[in-house]
Structures are given as C-alpha cells and as structure tokens.
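Visitor: I would like to learn how to read a model like this one. Where should I begin?

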Amino acid sequence: MIVVDPSFPLVMRQLRQEQGLSFRRLARVVHYSHTYLWDIETGIKQPTMHVAKDLDKGLRADGRLAGLVTERPKIKQPGRGRALREQPPGEGQAARWGAANASELAQLASRLHEIFVRGRPPLVRLGAVRCPRRAGPSLFQREAAAQGRTAHVECGAAFVRSAPTDIARSLSLEAEDQVLCLENRYYADGEPVQLSQTYLPLKIVGTSEDLGHRTARVREQVTTRFPTREESVVLGLPPGVPVMVVLQTASDVDGMPLELTRIVMRSDLMAIRYAVALDD
C-alpha cells in the first residue's frame, strides 16, 4: 500500500522550477513520459516509491520526494478472503475502490484547506480602477507593490488571427474578421498568478482615437471554472483549484466595442475587489 503526502505535487513543482526544467526536459532525465510527470505534479496520479526515487535523482532532491512516499505492508485480516468470496461479484472491488477514493478525497480536502484557509492573503486586484489602454501591465505592478509584493509581467505572443466565435460575437464582428491578439503572463513574488489575452479588431488597431473611438465604458463579467490543462501547467495550479475568469469589454461612448480581454486568475492566490458608489 502506497501513502503519498499531500504536499508531494507542490514540492515536486518547486524542485522542478528551481532546476529550470520543463516537463519534457525532466522526462528525458528520468525516462518517464512528460504527460505522466504532469499527472503526478498536478495530483492526478500518485507516484510509487520507485518513481519518487527516480525524481529525487533527476531533480537532485537528496531524498526529499522519496521521504514523502510511504510503503505500508498489507495486513491480512482473518476471514477477510472468505468474506470477500461470499460477496456478490463486484462488491469487494467496489468497497476497495471506495476506500481508495475516500483516501484521495481526504488528501485533496487537506490540500484545499491549506490553500484557502491557512494560506497567505491573496493579491487583490481593484476592479473599479482597472481599465484597458490606460492601465496596462504597470497597474498590476503598482497594485502588487502597494500590498508588499514584487510583480513582473511577461509580454508574450502578439499575432493576427480570425476572431474566435465568442470573441467575434462580443466585439460585434463577422466570423471572418481579423483581430490582433496579445498574450501576457503576470507574476507576484516570482509565482505565476494571472494570464491575459486581449483581442483588438484589426480594422481599428492604432487608429481608434484618430477615428474618434475613445474608451468610455468598461464592462466586466466574472465567472469561475476549473482550468484547462494548459492553464494548470502555466499557472502551476495545485490539483482541485479553480480559476476566476474576467471577461473585460471596452467600448466607446456610442457603445461600440473596441477591445476585449480575457483574464484568467488563480483563485487561491488572487481576489478582485469592487467599490460601488450609491446614489442618494
């Protein structure tokens, strides 16, 4: 019987990042597939003692990972075999699966409690003052600095593509219309906390103010969901942690959409605060 400490995925991720290894590079070192290593680091699968020792060697961890895995001998209970044989087919397997599943759920609950209850205060984004075009990445850095955090932004890809269906609908575009897509990654104290994709209609890029289109209104829609596989890897998400998704649409005084930004935030490390003024 293998018992794995709930902190194993987090320790593995920290060690891998300290070594500067991607999943593919680590896979070449320890001779396991990169998808299997991803499953272990995200908590989908549990490592055996042999795998933990191989990871210790590949990550130069001096036994830290193997120390989080315990092999316990199976205890044969008197009469257990007879009791299982007397059960209808499938009931014994179902009972064993239920016990194993309960153990995994208990580990996950412990991990989520550590993240959401005992963790440090989240980095707060101030929703009322965020605004496309005027704010930019520097606002994220200023907000982080005001909370005693060190932030930086990686400006990623910039490319032209046909507008995805949902983006075209939000920007009042035709399906074949082109948009400029800008991708950024946001870090607080060296840890990834947020991703963003901004879509701008190509027909007004760089000319919106010349054409009289000035940002006058910003609408935000906030939802939650579980992350995609790519988001889990890029954000280094522990298993079971959802993301917050902010869909931010900027429009001019006539209500014409000018740009749309999809922001994906770690729900364990981030929060959004809105302040609403009430009329007398």
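Guide: Begin with the contacts. This is a predicted model. Among contacts between residues at least 6 apart in sequence, 62% join residues at least 24 apart.

Visitor: How many helices and strands does the chain have?

Guide: The chain has nine helices and ten strands. Of its 280 residues, 39% are buried.

Visitor: What share of the accessible surface belongs to carbon and sulfur atoms?

Guide: That share is 53%, out of an accessible surface of about 16400 Å².

Visitor: How do I read the buried residues of a helix?

Guide: The general idea comes from the helix turn. An α-helix has 3.6 residues a turn, so residues three or four places apart point the same way. Now take the case of α4, which spans 49-59. Its buried residues are Met 49, Val 51, Ala 52, Leu 55, Asp 56, Gly 58 and Leu 59.

Visitor: What do the buried residues of α4 pack against?

Guide: They pack against three helices, α1 (8-18), α2 (23-30) and α3, and against the strand β2 (69-71). Just after α4 comes Arg 60, with a positive phi of about 55 degrees.

Visitor: And a residue in a loop: is Thr 42 buried or exposed?

Guide: The general idea is to compare the relative accessible area with a cut-off: buried means under 20%. Thr 42 sits in the loop between α3 (34-41) and α4. Its relative accessible area is 9%, so Thr 42 counts as buried.

Visitor: Which backbone atom lies 2.8 Å from a polar atom of the Thr 42 side chain?

Guide: That atom is the backbone oxygen of Trp 38.

Note on methods: Residues numbered from 1 in each chain as written. Predicted model: local features only at pLDDT ≥ 70, side-chain atom pairs only at ≥ 80, totals over all residues. Heavy atoms only, no water. Helix = DSSP H or I, 4+ residues; strand = E, 2+ residues; numbered from the N terminus. Buried < 20%, exposed > 50% of the residue type's maximum accessible area, 1.4 Å probe, protein only. Contact = heavy atoms within 4.5 Å. Areas by Shrake-Rupley, 256 points an atom, 1.4 Å probe, with all protein chains shown as cover. Polar contact = N/O pair within 3.5 Å; in protein donor to acceptor, adjacent residues only side chain to side chain.
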